[in-house]
Amino acid sequence: MTPRTDATLPSASLPLPGDAARHELLQSVVDVARAIFGAAASSVCLLDEEADELVFQAVSGEGEEFLVGRRFPAGRGIAGWVATSGEPMVVDDLSRNASFDRSLAESTQYVPDALMAAPLISDARVLGVLEVLDPSPQARSGVRELDLLAMFARQAAAALRVLPAQPAGAGGRALEGERREDALQLLGSLERLLRGTD
């Protein structure tokens, strides 16, 4: 069964008008995920439902200079499988995995040997995929690490839901009132999770 996508979210095209907070959140997600898992790279791709594509929204490490904004069909590769299934995945040897789309990886100018991926899910909707490429062997050694990545992805998705892209002309206006409190609470939960204190 394919998880529902959220038609109320803006399409995942770049730039996201007036939304510095959203961009900053996504960049911090990939930077922290890359550091936690000792990876060569990390990325967040969001689902553009209208185009049926995944779009690189933030990248840390390999490819960060040119991948943001790049699109690929939502059904391709491991990211496509994770987005469709709504399930996280870890692959220690990509050369032996049938879901791995080598030509897609080559088009990004970085072909990993291993990866971990988790869907960004909020309210039973897949918003996109968080990938960690070539994580350290210790970071991908068990279910606990994959669960950590999945929890991290869920927290990031929840934060995205309270930080929607603002309409053009909003001028990067700060969140106010209850929405601001919700965003701060989610980001605090994410920080505690990453520090292992939640």
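How many salt bridges does a search of the whole structure find? The search turns up five, and the legends below visit some of them, along with a few other spots. Keep in mind that this is a predicted model.

**View 1. The whole chain, before we zoom in.** Let's start with the overall layout. The chain holds five helices and six strands. Walk along the sequence and you meet them in the pattern α-β-β-β-α-β-α-β-β-α-α. Of the chain's 198 residues, 47% count as buried.

**View 2. Arginine 71 meets glutamate 53 in a salt bridge.** Here two side chains come together, with 2.8 Å from N to O. Arginine 71 sits in strand E3 and glutamate 53 in strand E2, so this pair ties together parts that are 18 residues apart in sequence. How covered up are the two partners? Arginine 71 has a relative accessible area of 31%, so it is partly exposed. Glutamate 53 counts as partly exposed too, because its relative accessibility is 22%, and the cut-off for buried is under 20%. There's also a third player to look for: Asp48 is linked with Glu53 and Arg71 in a network of salt bridges.

**View 3. Two phenylalanines make the structure's one aromatic pair.** The structure holds one aromatic pair, and here it is: phenylalanine 56 with phenylalanine 72, their rings 5.7 Å apart centre to centre. The planes are at 50° to each other, and the pair is described as tilted. Why does this pair tie together parts that are 16 residues apart in sequence? Because phenylalanine 56 lies in strand E2, while phenylalanine 72 lies in strand E3. Both of these phenylalanines are buried.

**View 4. Aspartate 101 and arginine 76 join up across the chain.** This salt bridge brings the two side chains to 2.7 Å, N to O. It links distant parts of the chain, 25 residues apart. Aspartate 101 is in the loop between strand E4 (89–91) and helix H3 (102–107), whereas arginine 76 is in the loop between E3 and helix H2 (77–85). Is aspartate 101 buried or exposed? Aspartate 101 has a relative accessible area of 17%, so it is buried. Its partner, arginine 76, counts as partly exposed, because its relative accessibility is 29%.

**View 5. Glutamate 106 pairs with arginine 102 inside one helix.** Now for a salt bridge between neighbours along a helix: glutamate 106 and arginine 102 both lie in helix H3. They're four residues apart, which is about one turn of the helix. The closest N and O atoms of this salt bridge are 3.3 Å apart. Glutamate 106 is partly exposed, at 45% relative accessibility, and arginine 102 also counts as partly exposed, at 47%.

**View 6. A patch of negative charge gathers on the surface.** Which residues make up this patch of negative charge? They are Asp31, Glu62, Glu64 and Glu65. Take a closer look at glutamate 65, which sits in the loop between strand E2 (53–61) and strand E3 (71–73). Glutamate 65 has a relative accessibility of 66%, so it counts as exposed. The strands on either side of this loop, E2 and E3, have already turned up: the phenylalanine pair of View 3 has one partner in E2 and the other in E3, and so does the salt bridge of View 2.

Methods: Residues numbered from 1 in each chain as written. Predicted model: local features only at pLDDT ≥ 70, side-chain atom pairs only at ≥ 80, totals over all residues. Heavy atoms only, no water. Patch = residues over 30% accessible without salt bridge, like charges linked within 9 Å, V, L, I, M, F, W, Y side chains within 5 Å. Areas by Shrake-Rupley, 256 points an atom, 1.4 Å probe, with all protein chains shown as cover. Salt bridge = Lys/Arg side-chain N within 4 Å of Asp/Glu carboxyl O. Lys, Arg positive; Asp, Glu negative; His and termini not counted. Charge placed at Lys NZ, Arg CZ, Asp CG, Glu CD. Buried < 20%, exposed > 50% of the residue type's maximum accessible area, 1.4 Å probe, protein only. Phe/Tyr/Trp six-rings, centres within 6.5 Å; stacked < 30°, edge-to-face > 60°.
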